[in-house]
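Visitor: I'd like to learn how to read empty space and helix packing in a model. Could you walk me through it?

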Amino acid sequence: MKFSKKVLVGILILFAVVLLFAETREIVILHTSDLHGYIYPVDYATNKPANYGLAKVASVIKEHRQKYGEDNVIVIDTGDLIQGSPLEYYHAKFDNSDIDPMVLVMNHLKFAASTIGNHEFNYGLDVLSKAISEAEFPFISANITDEYDTPYFMPYQIVDLNGVIVCIFGLTTKFVPNWEDPRNIKGLKFKDPVETAKLYVEALRDIADIMIVAYHGGLERDPATGNPTEPLVGENQGYELATQVAGIDVLLTGHQHRAIATKIGNVAVTQPSNWGKMVGKITIKLEKNEEDGKWIINEVKPELIDISKYTPDEEILELAKPYEEKTQAWLDTPVGTAKGDFWVSDPFAARLWDNPLIEFVNKVQMYYTGAKISSTALFTNDVKGWKDGPITLRDINAVYIYPNTLKVLKVKGKDIKDALERSADYFVFEDGIAKENKTWIEPKVQRYNYDMWEGISYKIVLNRPKGDRIIDLMFEGKPLDMDAEYEIVLNNYRAGGGGGYEMFKGKPVVREVLIEMAELMSNYVVEKKEIEATVDNNWGAYIEMTYTVQSGETLESVASKLGVPVEDIIRWNNVEEVKEGDVLKYYVPYFEYLKLMQKAS
């Protein structure tokens, strides 16, 4: 069939008119995650202003609703909401009668949904259930079920944005049982998020114009290359969700506290850091198919909004003010006195050598459990401790920022050695200088996984190969027996194997102290009234050096020359006597080594 030029021109004009007048929409998804109870933009450790918090996020939300219209903006959170700040700690532990402060603010801001995060369980199911009952939005998670495999929480939320149907499907990292106190998750199962998504998403896709997966978990692989960025143990399965579950338009992630705005294939992915430092934004342009009336997605653009450019919303500050005032008064309550400084001026140096703050935390753990061996971590580089003088609850809560409880495990000497080698991987030794191993800070900062021990003594030899850096591992003056059993105290996260410490997973639990560490530290200071800063120097970082024995030298003269005990030379080199030309190993504290190198240059 042939068309005349007039007919062809008419068809083209008609097609252009249809395109011109086709109905289009622009939908904006705003994404928060890992808010951890922060509303006010304040650093609770110093009481100084900070660039985070839900009050600042509120300004972003209001700006976008004004710009795009109420019916075109949807706000979603992906978990770790009601734990993590002194504000939420005080509310959960001391004044839980009123509505949860985070829920109060999010109700006001009309959040569409919040995914259940792993830290939602930290205060127990009663506190969580109360917060859920107070929310005007659902807490969602499809892969957490009861013992009969029925979803314990709402699995998804359907939102109608004036004709555009949005499905928000919730998932939670299945790794929760590895960290959480079993009493807080009694009767719950944590199923595989990917397999759960495969069961739901296809069916939900049929009714949704926009299919969103809101996952409290992160990316286990580089989004560009697909290469693993961490051990593939199932803690984070975001990349797997994006690549193996068909039908997802948007994947909102969390848990890792990373700043991510990218695409994996056609799936838009965001992760907005933590504490409300950023807001994820996904702009979706749709066009209605005139034949079947369905919306077609033409463009999806993920990005991040830095909230440091925004001022806190005064309405939100006023709403949360009663909670904030109670928290601040509680934090400024003195509970004891420090004799000497428990202060970390250089966090990297504090991970290289024993220091009063870490020794104190380990002492508290040993005091309340009776264990003779303990380990803990300097959780972030912002942890400073306190100086000589009064100690307040603010000081203590700023040091122990997680609601961890304690477990005493029975482990073998080899487990302790393996754990120390895992921690020693935190360092690299390049050009004669100790540095942070980049894999510990990229793509996710995990300094909280570097442990320091009390009750044993050991040396970290920086210039030895990975997996063989720990020497002189001693307990009560004798070498640690690799096959013998020892009782050690760890926080519940580490005791479950969290942070790559698989050697502790499944080990017998001798006893537990189910009071949170911040409270135990407070109790300890109250009981003792005065605590003294002490350092027994039981561990530190060293450099392996060599010395060539000269003519006429003996073990005694060499040891004297090097400034180390004779028995150390014997042990390190497995010798009973020396002769000219023998090359001996010896170990110099890292900070002394730096001075020697500076002097030599």
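Guide: Here we take cavities, a pocket and one helix pair in turn. This is a predicted model, where local features need pLDDT of at least 70, side-chain atom pairs count only at pLDDT 80 or more, and totals for chains, interfaces and linings use all residues. Residues are numbered from 1 along each chain as its sequence is written, and side-chain values use heavy atoms, with hydrogens and water left out.

Visitor: How many cavities of 30 Å³ or more does the structure hold?

Guide: The general idea: rolling a probe the size of a water molecule over the atoms shows where empty space is left. On a 1 Å grid over the protein atoms alone, a cavity is a set of points where a 1.4 Å probe fits but cannot get out, and lining residues have an atom within 4 Å of a point. Points are joined across faces, edges and corners, and a volume is the space filled by probe spheres set on them. This structure has two such cavities of 30 Å³ or more, and the largest holds about 50 Å³.

Visitor: Which residues line the largest cavity?

Guide: Leu357, Ile358, Val361, Thr376, Ala377, Leu378, Phe379, Val383, Val399 and Tyr400. By class that is nine nonpolar, one polar and no charged residues (Ala, Val, Leu, Ile, Met, Phe, Trp, Tyr, Cys and Pro count as nonpolar, Asp, Glu, Lys and Arg as charged, the others, Gly among them, as polar). Helix H10 gives the largest share, three residues (helices are DSSP runs of H or I, at least four residues, numbered from the N terminus).

Visitor: And what lines the second largest cavity?

Guide: That one, about 40 Å³, is lined by Leu87, Tyr90, His91, Asp95, Tyr323, Lys326 and Thr327. Helices H3 (86-94) and H8 (314-331) each supply at least two of these residues.

Visitor: How is a pocket defined?

Guide: A pocket is an open set of points with protein on both sides within 12 Å along at least five of seven lines. The second largest pocket here has about 530 Å³ of space. Its lining has 26 residues, with Glu230, Pro231, Arg422, Gln446 and Gly499 nearest the centre.

Visitor: At what angle do H4 and H8 pack?

Guide: Two packed helices are described by the angle between their axes and the distance between the axes. Axes are lines fitted to C-alpha atoms over the stretch in contact, and angles run from 0 to 180 degrees between N-to-C directions. H4 (residues 101-108) and H8 pack at about 160 degrees, axes 10 Å apart, and are therefore roughly antiparallel (over 145 degrees). Pro101, Leu104, Val105 and His108 in H4 meet Glu315, Ile316, Leu319, Ala320 and Tyr323 in H8 (contact means heavy atoms within 4.5 Å).

Terms used: Helix = DSSP H or I, 4+ residues; strand = E, 2+ residues; numbered from the N terminus. Parallel < 35°, antiparallel > 145°, perpendicular 65-115°, else oblique.
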